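Visitor: I am new to this structure and would like a close look at a single part. Could you pick one residue and walk me through its surroundings?

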Amino acid sequence: MTAPQIYVSFPGTAREALTFYAEVFGGELSLHSYKDFGRNDGPADAIAHGVLRGVVALGGSDAAKGESSVRIEGLMLSLLGAAEPAVLHAWFDKLSDGGTIVDPLAPKPWGASDGQVIDRHGLHWLIGYEPQP
């Protein structure tokens, strides 16, 4: 790993959320249940550890009883220039499904194109690119 990786504590929705991100971004998803890890501090089928490896990498788990789950304020996951414009638009559209568009992915006065979306699992994304020469 060459950069920090986002690791999210989900409120019992880690399987659904990480599967959703695998569908959006592609990559290889591995999920391990509380049972797999011998944990008894939550439902046996809850996710104790999940990782999506690929062009967008992130990990997560289901928060155990008494642990906090994701609540994001003042933070965006930036995918600026992370792929070709058509791919970034596709990701934005998929993340928008069931989520909230904060700012449409469109050309901005400074010349770049970007937009923001909060997806159905509460993650806030900033997606954009510089104009192609």
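Guide: Here is a walk around Asp119 and the sheet beside its loop. Please keep in mind that this is a predicted model, where local features need pLDDT of at least 70, side-chain atom pairs count only at pLDDT 80 or more, and totals for chains, interfaces and linings use all residues. Residues are numbered from 1 along each chain as its sequence is written, and side-chain values use heavy atoms, leaving out hydrogens and water.

Asp119 sits in the loop that runs between β7 (113–118) and β8 (124–129); strands here are DSSP runs of E with at least two residues, and helices are runs of H or I with at least four, numbered from the N terminus. The side chains of Asp119 and Trp125 are joined by a polar contact of 2.8 Å. Not counting residues up to four places away in sequence, Asp119 touches Phe20, Tyr21, Leu95, Gly99 and Trp125, where contact means heavy atoms within 4.5 Å.

Now to the strands on either side of that loop. β7 and β8 pair in the antiparallel sense over six bridges; pairing requires DSSP to find at least two bridges between two strands. Ile118 stands opposite His124 in β8. Both strands belong to an open sheet of four, in the order β5-β8-β7-β6, with mixed pairing. β5 (77–80) and β6 (100–107) stand at the edges with a single partner strand each, so one side of each has no neighbour in the sheet.

How values were computed: A polar contact is a pair of N or O atoms within 3.5 Å; within protein, one must be able to donate a hydrogen and the other to accept it, and residues adjacent in sequence count only if both atoms are side-chain atoms.
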